[in-house]
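Student: Please take one part of this model and go through it closely. Keep it brisk.
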Amino acid sequence: MNTFSDLQAIDLDLALRVQPIGNPLLKISINHDVVYHGRLTHLLEIRRQLPLLQPFAVTVELLDKDYHSNQETAVVIEQLTIDGFELIPRWNHLSTYDNDHQCSQPTHYLGFVGTWSLRVDRPFYQWHHQAANQGMLLTLDQ
Amino acid sequence: MKITHSGNFEFCRWADQRTNINIRDHTPQEFFQTHMAPIRADMLQGQPMSACHECYDMEQHHKVSGRQRQLLKTGVTLDSFEKSLRSSPYWPAFDASNATAGATDLTPVDWQIDLGNHCNSACIYCAPESSSRLAQEFKKLKILKTEPVPTWANRPELIDRLVHSLVSTPRLAYLHFLGGETLITPAFKIILEKLLAAGLTKVNIGFTTNLTVWDQGIVDLLTQFENVHLGMSVECFHPINDYVRWPSDIGQIKRTAEQWIMLGRQHRWYMTLRTTPTALTIPYLTTVYDFAKAHDVSIESSNFLHDPKFLRMSVLPMQYRHRMADQMQAWIDRQGIESTDQLVNIRNPAQLHLQITQDAASYVDYLRTAPDETHLLPELVAYLKLLESSRGNSILRYQPDYEHILRSAGY
């Protein structure tokens, strides 16, 4: 980019790395697009491009688990990055985890049936400014 | 935006660019919307700005620059420039400005307000337009080139003009007041009273004090604002501070700093120690870092000193500079803080120790790599001797380690 007018609309690069423990049945969605659905037997790496300014959510659902016979069934969200910025595990506390054990502790280890999600509710770089404690962000809002 | 002691407007508090657009003749809005348009147009065209050379210099030595910090307030970072720019809440304003040759209908929301040169200190690197005491001394020594221009802040109608502009600015965010010494400058108190009377208690108020004064009346005004940024000027916690920030007393400075810090803690103020490292004080800069760490306050060292040139750290011989850099690096290593990505929001209290070591690292880099300017040592010596003839002191009492350097340059 040399001048302001050269600036192109650019996408975000999302990278998600998920490690199974046992053979968990999973559904992974980015916004409403299901990007994986099935039993996971090995490390899964997902890369997607997202519109720069659009809010988005990453959702990982552990769909079933027999707590008596398969206690070791789980999924670990090893890493979630946007444009190389590490969101998970660094900011686990910004994720939510609704599960059948009502265990709401922020985590990236999903051992209960339920839905983990991270929501970026505004343009990513504005969200990142706040998440990274970058100080005041001037706006044009009245 | 900035208003200087004379009342001239400048487009940035760090920019090295003089204008003659004065609050006597123009409103802040006129300057911001119209006179700054060509500057914005150049920036939008990707032109390097000659007025920004001090910030470019800081970045070269990995020191967080003013322009980085101001960009961050609109969400723009140099590391992710294009994407963060396009994502900025200010994007629509940038875009509109691009379509109108740099014009804008916005008003300035972030200010440095220079209030004139009322000052009880005569710091050796200061200038008559910023210190009335130094102006008197220069006059006595017959080296005052021109009388400082009377400050705009002595004229009630100009204060009213500025305050009217501030009060009518939507989303006014930050006002930083500088003297002289703010606490003995009548305009500081007057403006605070007017802002409070207008109900502007939510605006961030910043000010810098030289730690020689306490004024309970002003303290009582400051505590009525929700967010106050307190800047405390000190070069080091070593007696040479008294020589450089003449005629201060480091014991009293420390006590006053602790009094401000106690007050600031009660009111959750953001607090920084502000230093201007020079060739004379750089060996003791880590004493400021140690004080900052011990008291949980931040550091904002200014740009690498530009003027007067002969007080720059780069006038020291290379062997001295490398020795100081090694000592400072050893101090950094003792902190045990891993270096990470550059921390641009240096006002993040949670990253205080990282911010301090990052600042120290920039001085290590400067000491090791800035061009040699030892040819300016005779000018330094001549200046010190002249001031000492008026002040009756001697640098060698405070900085005996420099005797060889100074003697060899004519001391």
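Tutor: Start with strand β1 (residues 2-3) of chain B, which runs parallel to strand β3 (residues 110-114) of chain B and is joined to it by two bridges. Strands are DSSP runs of E, at least two residues long, and helices are runs of H or I, at least four, numbered from the N terminus. One bridge partner can be named: B:Lys2 goes with B:Gln112 in β3(B).

The model is predicted, so local features need pLDDT of at least 70, side-chain atom pairs count only at 80 or more, and totals for chains, interfaces and linings use all residues. Residues count from 1 along each chain as written, while chains are lettered from A and ligands numbered from 1 in written order.

Now widen the view. Chain B has an open sheet of eight strands with mixed pairing (at least two DSSP bridges per pair), in the order β2-β1-β3-β4-β5-β6-β7-β8. Its edges are β2 (9-10) and β8 (298-301) of chain B, each paired on one side only. Helix α12 (residues 250-266) of chain B packs on this sheet. It touches β6 (228-233) and β7 (270-275) of chain B (contact: backbone-placed C-beta atoms within 7 Å). The direction of α12(B) makes about 170 degrees with that of β6(B) (angles run from 0 to 180 degrees between N-to-C directions; axes are fitted to C-alpha atoms, for helices over the stretch in contact).

Elsewhere in chain B, helices α14 (residues 318-335) and α15 (residues 352-369) pack at about 160 degrees, with axes 9 Å apart. That makes α14(B) roughly antiparallel to α15(B) (the cut-off is over 145 degrees). Among the residues that meet are B:Met328, B:Trp331 and B:Ile332 in α14(B), and B:Ala360, B:Tyr363 and B:Leu367 in α15(B).

Methods
Two residues are in contact if their C-beta atoms, placed from the backbone, lie within 7 Å. Angles under 35 degrees count as roughly parallel, over 145 as roughly antiparallel, 65 to 115 as roughly perpendicular and the rest as oblique.
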